[in-house]
Structures are given as structure tokens and as C-alpha cells.
Amino acid sequence: MEIIEYIKAEMARVRISVERVMKDMPPEIFNFPAPGTANTISATFVHLMNSEDHFIQEVLQGKPTVWKSRGWSEKTGIQKPPSIGEDWSDYKNRKIELQPLLEYMAEVWRATDAYLASVTPDDLDRRLVFAGRERSVGDMLHLSIAQSYSHAGEIAALKGIQGIKGLPV
């Protein structure tokens, strides 16, 4: 298997995991204020999707995110997606609608697919700076996939502590 095809296949697999964990998500589960310092599913899901958007659009292509360029703050009522190192406590008591975020997810995935359709094996070696260190495009694609798997697992666990099945396994 060629490396680009492998990356596309991994991206497809992580999307299946995300879709499965988000399937039939009740609003009260989506917005449940988890105990302790755990985040809500809503905050985790917004962060999951915005991370891919940021990595692929801004970091790899130097473009504005889908969130910014297509007005998703207005469509979702979320001023700014939660980011690493920030206080996410605002999400503990917010009621966020899932449907607009699923539509955002679809747009992010279309934009990612368009990018992946143009990537060549040589592009994967291009160097860039992210989070204060040099990385390759290939590293960033791996990070995007790994982060999505990680957050899908978090969402599954957050569903589990609320008494519903997290993943269909």
C-alpha cells in the first residue's frame, strides 16, 4: 500500500470511530457536566473537530480554518472552540446543540479530503513549525489521526460514566 493511501485509510477508520461514538447522542449526555476535571462531551467533540480543522487548514496549508472562513461561531453559538491549555469550564454548564456541530464535522472532513487528494509522498517530508518544534507534514497528519482516536476514546468513556455504551464493541 502506498503511504498516501494508508493515510487516507487511517483517516477513514478514525472517522468511523468518531461517527460510532457520536451516534444517537442524547442532548443530556452530550452536555452532561462530567465530575471532577473531566470535560463535557460537547467540549471534547468541538475540540476534536476543530483540531483537525486547525491542523489541516491552518498549519499544513496556511489557510483560515473552516470554522473561521464559513462562520461556524455564528452557526453554533460557540464564540471560540476550546483549545489546549485553556480553561474549558465554561462548557460545564452550557447547552450546546449537536446537529450544527455534526454539519461542521462534515465540512471539516470534506476540506480534509480535498487536501489529502492533493498531497504527494514528497509533500509528507515538508518541514514546518508546530507547537514550538519542527515537524513534517506526515507527522502532523499522524497527530491529527491520533488526536481524533484519543478524543473518540474520551467521549466513549464519558458516555460510559453516564451509564450508556460508549463504543459498539
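Helices here are DSSP runs of H or I at least four residues long, numbered from the N terminus. With that in hand, let's look at the pockets of this predicted model.

The second largest pocket is a good place to start. Its lining takes the most from α7, which gives five residues. Both α1 (3-22) and α7 supply at least two residues each to this lining. The residues around the second largest pocket are Ile3, Tyr6, Ile7, Glu10, Leu124, Gly138, Leu141, His142, Ile145 and Tyr149.

Now for the largest pocket. Its lining is made up of 20 residues, and those nearest the centre are His47, Ser51, His54, Ser83 and Ile84. Three elements give two or more residues to this lining: α3 (41-61), α4 (66-69) and α7 (137-160). Of these, α3 provides the largest share, with six residues. So which helix appears in the linings of both pockets? α7 gives two or more residues to the largest pocket and five to the second largest.

Here are the two pockets side by side:

| Pocket | Volume | Lining make-up |
|---|---|---|
| Largest pocket | about 460 Å³ | eight nonpolar, nine polar, three charged residues |
| Second largest pocket | about 170 Å³ | seven nonpolar, two polar, one charged residues |

If you are choosing names to select in your viewer, the central residues of the largest pocket include His47 and His54, while His142 is among the residues lining the second largest pocket.

Note on methods: Residues numbered from 1 in each chain as written. Predicted model: local features only at pLDDT ≥ 70, side-chain atom pairs only at ≥ 80, totals over all residues. Heavy atoms only, no water. 1 Å grid on protein atoms, 1.4 Å probe; cavity = no way out; pocket = protein on both sides within 12 Å on 5 of 7 lines; lining within 4 Å. Points joined across faces, edges and corners; volume = space filled by probe spheres on them. Nonpolar A, V, L, I, M, F, W, Y, C, P; charged D, E, K, R; others polar.
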